[in-house]
Amino acid sequence: MEMSFFTMGSAVAAGGLFGGLSGLYLGLKETTNLKGNVRYSQLINFVTKRGSVSAQSFGAIALMYSLYDTLFYQVREADDEFNRVASATLTGVTYCLPHGLKRMAKGGVVGLLLASGYFGFTHFDSLKSKFSSGSTSTY
């Protein structure tokens with residue numbers, strides 16, 4: 001729970017940076033025919049619009065993820081990787097909720113794959129030793 005605010009703040013900042021850079025790239029590409037202050041103004045518009053949209057989206061995703069993670073922790077009274085994978089899956093489903101069942105399923109799969117990939121990447125050594133032949137060690 002105490003990491004939720006750090007996670008959400010970091011997500012908003014990362015979203016703003018990602019969107020701002022994306023807006024700058026797109027603005028530079030789209031405004032090649034403009035000169036002077038008009039181009040400068042258009043570039044600022046691209047950066048701020050893209051940055052704010054991305055920051056809000058990343059922040060909303062982080063908020064949903066943190067809420068689900070806290071909910072699973074409160075219900076299960078366990079803080080393990082199942083909570084994180086389930087939270088990411090439900091976040092993907094919830095984020096795509098307004099777009100129909102097919103999109104919700106895709107969002108859930110994306111959340112599941114991202115969380116599983118992150119878990120596999122961060123716990124590669126323990127997973128490797130767990131599944132190596134003849135090993136009886138536990139996670």
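Is Glu81 buried, partly exposed or exposed? With a relative accessibility of 23%, Glu81 counts as partly exposed, because that value falls between the 20% and 50% cut-offs. Keep in mind as you look around that this is a predicted model. Glu81 is a handy starting point, as this residue forms a salt bridge with Arg84 and belongs to a network of such bridges. From there, the tour moves on to a pocket, a nonpolar patch and a lysine.

**Salt bridges**

- The count of salt bridges comes to three.
- Glu81 pairs with Arg84, and their closest N and O atoms are 3.9 Å apart.
- Both of these residues sit in helix α3, where three residues, about one turn of the helix, separate Glu81 from Arg84.
- Arg84 also meets the side chain of Asp79 in a salt bridge, at 3.2 Å from N to O.
- Together, Asp79, Glu81 and Arg84 are therefore linked in a network, since a salt bridge needs a side-chain nitrogen within 4 Å of a carboxyl oxygen.
- Within this network, Asp79 is exposed at 51% relative accessibility, whereas Arg84 is partly exposed at 26%.
- Another salt bridge joins Arg76 to Asp80, with the closest N and O atoms 2.8 Å apart.
- Both partners of that bridge are partly exposed: Arg76 has a relative accessibility of 34%, and Asp80 has 28%.

**The largest pocket**

- The volume of the largest pocket is about 610 Å³.
- Its lining is made up of 19 residues, and those nearest the centre are Ile61, Tyr65, Ala88, Gly111 and Leu114.
- Three helices, α2 (36–76), α3 (81–95) and α4 (101–122), each contribute at least two residues to this lining.
- By character, the lining residues of the largest pocket comprise twelve nonpolar, five polar and two charged.

**A nonpolar surface patch**

- Leu17, Leu21, Leu24 and Leu28 make a nonpolar patch of about 360 Å² on the surface.
- One of these leucines, Leu21, lies in helix α1, which covers residues 4–30.

**Lys106**

- You will find Lys106 in helix α4.
- Lys106 has a relative accessible area of 55% and so counts as exposed, the cut-off being over 50%.
- Although 14 residues apart in sequence, Lys106 and Gly92 have C-alpha atoms 7.9 Å apart in space.

Technical notes:
Residues numbered from 1 in each chain as written. Predicted model: local features only at pLDDT ≥ 70, side-chain atom pairs only at ≥ 80, totals over all residues. Heavy atoms only, no water. Patch = residues over 30% accessible without salt bridge, like charges linked within 9 Å, V, L, I, M, F, W, Y side chains within 5 Å. Areas by Shrake-Rupley, 256 points an atom, 1.4 Å probe, with all protein chains shown as cover. Helix = DSSP H or I, 4+ residues; strand = E, 2+ residues; numbered from the N terminus. 1 Å grid on protein atoms, 1.4 Å probe; cavity = no way out; pocket = protein on both sides within 12 Å on 5 of 7 lines; lining within 4 Å. Points joined across faces, edges and corners; volume = space filled by probe spheres on them. Nonpolar A, V, L, I, M, F, W, Y, C, P; charged D, E, K, R; others polar. Buried < 20%, exposed > 50% of the residue type's maximum accessible area, 1.4 Å probe, protein only.
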